[in-house]
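Dear colleague,

I am handing over the structure below, and after it you will find my notes on what turned up when I went through it. Please read them with the coordinates open beside you.

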Amino acid sequence: MAKDVLCEVRNCHYWAEGNRCSADAIYVVSHAGNMASDSSETDCKTFTPSNEA
């Protein structure tokens with residue numbers, strides 16, 4: 001199991017120093033049903049815009 005989830009989306013509420021994701025859980029979905037061939041068929045639904053801009 002991975003210890004860190006990295007994220008480069010700095011305007012996400014869960015973004016933390018060092019490009020870390022501080023969310024308690026990560027929710028990833030597939031555009032191709034419940035199976036994906038590669039990462040381009042997925043999205044992270046945990047993203048929440050931060051109040052900082």
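Of the 53 residues in the chain, 9% are buried, and I should say at once that this is a predicted model. The accessible surface of the chain comes to about 4600 Å², and carbon and sulfur atoms account for 49% of that area. Along its principal axes, the C-alpha trace spans about 35 × 25 × 15 Å.

As for secondary structure, the chain contains four strands and zero helices, so that the order of elements from the N terminus on reads β-β-β-β. Taking contacts between residues at least 6 apart in sequence, 24% join residues that are at least 24 apart.

Among the buried positions is Thr46, which sits in the segment after β4 (42–44). Thr46 counts as buried because its relative accessibility is 11%, the cut-off for that class being under 20%. Once neighbours within four places in sequence are left aside, Thr46 is in contact with Tyr14, Ala23, Ala25, Ile26 and Tyr27.

Ala23, one of those partners of Thr46, belongs to the loop between β2 (20–21) and β3. With a relative accessible area of 16%, Ala23 is likewise under the 20% cut-off and therefore buried. Residues up to four places away in sequence not being counted, Ala23 touches Tyr14 and Thr46, so Tyr14 appears in the contact lists of both Ala23 and Thr46. Ala23 and Asp43 are 20 residues apart along the chain, and their C-alpha atoms are separated by 15 Å.

A further buried residue is Ser50, at 19% relative accessibility, which is also placed in the segment after β4. Beyond its neighbours within four places in sequence, Ser50 is in contact with Asn11, Cys12 and His13.

Turning to charge, the chain carries 4 positive and 8 negative side chains, and the centres of these two sets lie 5 Å apart. Side chains of opposite charge can pair when their charged atoms come close. How many salt bridges does the structure hold? There is one, and in this salt bridge the side chains of Arg20 and Asp4 meet at 3.7 Å, N to O. The pair links distant parts of the chain, given that Arg20 is in strand β2 while Asp4 is in the segment before β1, 16 residues apart. Both partners count as partly exposed, because the relative accessible area is 33% for Arg20 and 44% for Asp4, and that class lies between the 20% and 50% cut-offs.

Next in sequence to Arg20 is a backbone detail that you may wish to look at. Most residues other than glycine have a negative phi. Asn19, however, has a phi near 55°, a positive value in a residue other than glycine. Asn19 lies in the loop between β1 and β2, and at a relative accessible area of 28% this residue is partly exposed.

On the surface, Val5, Ile26 and Val28 make a nonpolar patch of about 230 Å². Val5 is placed in the segment before β1 (15–16), and its relative accessibility of 40% is the reason that Val5 counts as partly exposed. Ile26, another member of the patch, is also among the residues in contact with Thr46.

Finally, two residues of the loop between β3 and β4 deserve a mention. Ala32 lies in this loop, which follows β3 (28–30), and is partly exposed at 46% relative accessibility. Ala32 and Ser22 are 10 residues apart along the chain, with their C-alpha atoms separated by 27 Å. Ser39, which is placed in the loop between β3 and β4 as well, has a relative accessible area of 62% and is therefore exposed, the cut-off for exposed residues being over 50%. Between the C-alpha atoms of Ser39 and Pro49, which are 10 residues apart along the chain, the separation is 22 Å.

With kind regards

Definitions and conventions: Residues numbered from 1 in each chain as written. Predicted model: local features only at pLDDT ≥ 70, side-chain atom pairs only at ≥ 80, totals over all residues. Heavy atoms only, no water. Patch = residues over 30% accessible without salt bridge, like charges linked within 9 Å, V, L, I, M, F, W, Y side chains within 5 Å. Areas by Shrake-Rupley, 256 points an atom, 1.4 Å probe, with all protein chains shown as cover. Salt bridge = Lys/Arg side-chain N within 4 Å of Asp/Glu carboxyl O. Buried < 20%, exposed > 50% of the residue type's maximum accessible area, 1.4 Å probe, protein only. Contact = heavy atoms within 4.5 Å. Lys, Arg positive; Asp, Glu negative; His and termini not counted. Charge placed at Lys NZ, Arg CZ, Asp CG, Glu CD.
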